[in-house]
Amino acid sequence: MFFTGDSSTRKRVDLGGRSSKERDRQKLLEQTRLERNRRLSLRQQNFAALKIQKCFRGRKASEAARFSVREQFHDTYGKHCEKVDRHCFGPDSEFFHQLLFFYNAKHIDDFMVLVEACRLLRKFVQENGDMLSIFAGKDYLLNKALVD
C-alpha cells in the first residue's frame, strides 16, 4: 500500500458492490457506445454534405444549361423575337420548348420575350383566324395529341 497522505491506518473499502474489473468493463462499454455514436454522427454528416453538394452541382449545371439555351434562343429567334414567324409556333418548332426551359420571371429580358411571343401569337391568330392551324400545322390529325 502506498502512502496517501492520510494518517489513519484504516483501509478504505469500496462498498459499491462491484469489482474494479466490472467498473472497467462498464467504462469500456460506455466508451465503445460513445465512439459508435460519434461514428454514426460523422457518417450522417458526410451523407448530408454529399446531398447538399449534389444539389448545388445540379442547380449549377441546370443554370448553365438554361444560359446556353437562352443564348441559342436569342441567336435563332432574336433577342426580342425579331426573327419569329408563324411557323415558330408549330409542333416541330423548338420555340416554346426553349422559351419555357430558360424562362425566369426575375429576368426582365425573359419577360419581354414572353410578352412579345404572346403579342405575335395574338397577331397570327387575328391574321389567320384559327389558333389550331398555327399550333398543329398542316397535319392536325397527326399532331392532335400534342396540340390538345
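**Entry 1: aromatic rings**

My rule for an aromatic pair: rings of Phe, Tyr and Trp (its six-membered ring) pair if their centres lie within 6.5 Å, and planes under 30 degrees apart count as stacked, over 60 as edge-to-face and the rest as tilted. By this rule I get 8 aromatic pairs. I looked up Phe-73 and Phe-95: their ring centres are 5.3 Å apart and their planes sit at 40°, so I call this pair tilted. The pair links distant parts of the chain, with Phe-73 in helix α1 (residues 20-77) and Phe-95 in helix α2 (residues 95-102), 22 residues apart. Helices here are DSSP runs (H or I, at least four residues), numbered from the N terminus.

Before going on, I note that this is a predicted model, where local features need pLDDT of at least 70 and side-chain atom pairs count only at pLDDT 80 or more, while totals for chains, interfaces and linings use all residues. Residues are numbered from 1 along each chain as its sequence is written, and side-chain values use heavy atoms, with hydrogens and water left out.

Are Phe-73 and Phe-95 buried or exposed? Phe-73 is buried, and Phe-95 is too. (Buried means under 20% relative accessible area, exposed over 50%, partly exposed in between, with a 1.4 Å probe and protein chains only.) Phe-95 also pairs with Phe-89, this time edge-to-face, at 5.3 Å centre to centre and 65° between the planes. Phe-89 is buried as well. I then found one aromatic cluster made of Phe-73, Tyr-77, Phe-89, Phe-95, Phe-96, Phe-102 and Phe-124.

**Entry 2: helix α3**

Next I checked α3, residues 108-128. Its 21 residues should span 30 Å at 1.5 Å a residue, and its end C-alpha atoms are 30 Å apart, which agrees (the expected span is 1.5 Å times one less than the number of residues).

Which residues of α3 are buried? They are Asp-110, Val-113, Glu-116, Ala-117, Leu-120, Leu-121 and Phe-124. They cover an arc of only 140° around the axis, which puts them on the same side of α3 (the arc is that of the directions from the helix axis to the C-beta atoms). The face turned away from that buried side carries the exposed residues Ile-108, Arg-122 and Gln-126. Ile-108 has a relative accessible area of 57%.

Ile-108 also joins Phe-111, Met-112 and Val-115 in a nonpolar surface patch of about 360 Å². Patch residues have over 30% relative accessible area and no salt bridge, with like charges joined within 9 Å and nonpolar side chains (Val, Leu, Ile, Met, Phe, Trp, Tyr) within 5 Å. After α3 comes Gly-129, with a positive phi near 85°.

**Entry 3: salt bridges**

I counted 7 salt bridges (a side-chain nitrogen of Lys or Arg within 4 Å of a carboxyl oxygen of Asp or Glu).

- In α3, Arg-119 bridges to Glu-116, with the closest N and O atoms 2.4 Å apart. The two are 3 residues apart, so about one helical turn separates them. Arg-119 is partly exposed at 43%.
- Arg-33 bridges to Glu-30 at 2.7 Å between the closest N and O atoms. Arg-33 is partly exposed at 39%, and Glu-30 is partly exposed at 32%.
- Glu-63 bridges to Arg-66, with the closest N and O atoms 3.8 Å apart. Both lie in α1, 3 residues apart.

Why does this spacing suit a helix? An α-helix has 3.6 residues a turn, so residues three or four places apart point the same way.

Technical notes. Areas by Shrake-Rupley, 256 points an atom, 1.4 Å probe, with all protein chains shown as cover.
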